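Let's take a walk through this fold, starting with the sheet and ending at the pocket. Have the structure open as you read.

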Amino acid sequence: METVLSISNISKRYGKIQAVSNLSLDVKNGQVFGILGPNGSGKTTTLSIILDLIKANSGTYMWFGKAPSTASRKRIGSVIESPNFFPYLSPVVNLKIVADIKGIGYDDIDRVLQLTGLYERRNSRFKTFSYGMKQRLAVASALLGNPDILILDEPTNGLDPQGIAHIRELILHIANQGTTIIIASHLLDEVQKICSHVAVLSKGRKLFDGKVSEVLAISDSMELSARDTEALTLAVKAYPSYHSMTREGDKILACFSDAVNPEILNQYFFGKGIILTHLSERKRTLEQHFLELLRDNA
Ligand code: ATP
């Protein structure tokens, strides 16, 4: 799969604050790539660097395998700040102004208004829009000219549940049309729902990156108990894909590096003369995994 963005060892410092530290990551064509981290972890700084809004102190990045250029920037649409349009003008007129700035024609305006569900309101004044509609207009504006990449910084911040659902559906719809999407978010749930890949940032450093589904797979764990807890503990540790365990009262919470089948696990213990008195799956959420990563790297 083609690498559309390659970041190598980028660092950015604001005075004493190291906002981004030696960050490297690759985004491939068609991915919905989440940059996940708490407030102040360097997400906006990273996006601002790859959009050439600010300069890194060191490191490089490439778009489509080449140094960034005017041509590569034309292939990228972004929403970095809260939506800002002329309040007394309609979406159509506002988008005409954006099209003029981008140096493209007006023939894409109806498409992006339809895509973002704003076509019916195309002639209302911007100031009459809900915050959710304003945010969708910002996405529409970023999509003018049909970019290959869409970059969104905290796209659902400040929206009500319905507005959040609208934006998430819209992002998935745009991704299904083949656009590569990069999203900064502090919401695990959001990344879990819409991203295919994730990089976790803490204090400007990357702690982890990979497929969201793989993060979930390593997160499978089993609650187990047996009369002889010591024998059970030894048998769990000897299991081929054993990763780690914790004791919770008379139960053991065992984590495995691959998804485990309860039936096979049960058979395994039985084969070792251990009869389980309890066996249940516990899916750790990305949130628990994320919090563990942050705790381990505090
Ligand atoms: P948030 O979700 O709160 O925006 P973030 O993950 O996007 O967080 P950044 O905005 O990139 O994080 O900020 C990273 C660090 O750099 C923070 O400590 C922030 O205070 C600091 N920072 C960001 N911009 C500036 C600036 N212009 N001047 C000084 N410090 C800054």
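In what order do the strands of the open sheet of 6 strands run, and is the pairing mixed or not? Going across, the order is E5-E6-E7-E3-E8-E9, and the pairing is mixed. Keep in mind that this is a predicted model.

## The sheet and its edges

At the two edges sit E5 and strand E9 (205-211). Each has a single partner strand, so one side of each is left without a neighbour in the sheet. From strand to neighbouring strand, the turn is 15° on average, if you ignore direction.

Now zoom in on the E5 edge. E5 pairs with strand E6 (residues 149-153) in the parallel sense, over 4 bridges. If you want a spot to find this pairing on screen, go to Ile76, whose bridge partner in E6 is Ile149.

## Helices on the sheet

Helix H1 (residues 43-50) packs on the sheet and touches four strands by name: strand E3 (32-36), E6, strand E7 (180-185) and strand E8 (197-202). The direction of H1 makes about 150° with that of E6.

H5 packs on the sheet too, touching E5 and E6. Its direction makes about 160° with that of E5. So E6 is touched by H1 and by H5.

## Where H3 meets H5

H5 also has a helix to deal with. The axes of H3 and H5 come within 10 Å and cross at roughly 35°, and the crossing is right-handed.

Who does the touching? From H3 come Pro91, Leu95, Val98 and Lys102, and from H5 come Leu137, Ala140, Ser141 and Ala142. Sorted by class, the residues of this contact are 6 nonpolar, 1 polar and 1 charged.

## The largest pocket

The largest pocket has a volume of about 980 Å³. Its lining takes in 33 residues, and the ones nearest the centre are Ser78, Val98, Lys102, Ser141 and Ala142. Some of these names should ring a bell: Val98 and Lys102 of H3, and Ser141 and Ala142 of H5, are also part of the helix contact.

Which elements give two or more residues to the lining? They are strand E4 (58-63), helix H2 (70-73), strand E5 (76-79), helix H3 (91-102) and helix H5 (131-143). H3 gives the most, with 5 residues. As for chemistry, the lining has 20 nonpolar, 8 polar and 5 charged residues.

Note on methods
Residues numbered from 1 in each chain as written. Predicted model: local features only at pLDDT ≥ 70, side-chain atom pairs only at ≥ 80, totals over all residues. Heavy atoms only, no water. 1 Å grid on protein atoms, 1.4 Å probe; cavity = no way out; pocket = protein on both sides within 12 Å on 5 of 7 lines; lining within 4 Å. Points joined across faces, edges and corners; volume = space filled by probe spheres on them. Nonpolar A, V, L, I, M, F, W, Y, C, P; charged D, E, K, R; others polar. Axes fitted to C-alpha atoms, helices over the stretch in contact; angles between N-to-C directions. Left-handed = near helix turned anticlockwise from the far one by under 90°. Contact = heavy atoms within 4.5 Å. Pairing = 2+ DSSP bridges.
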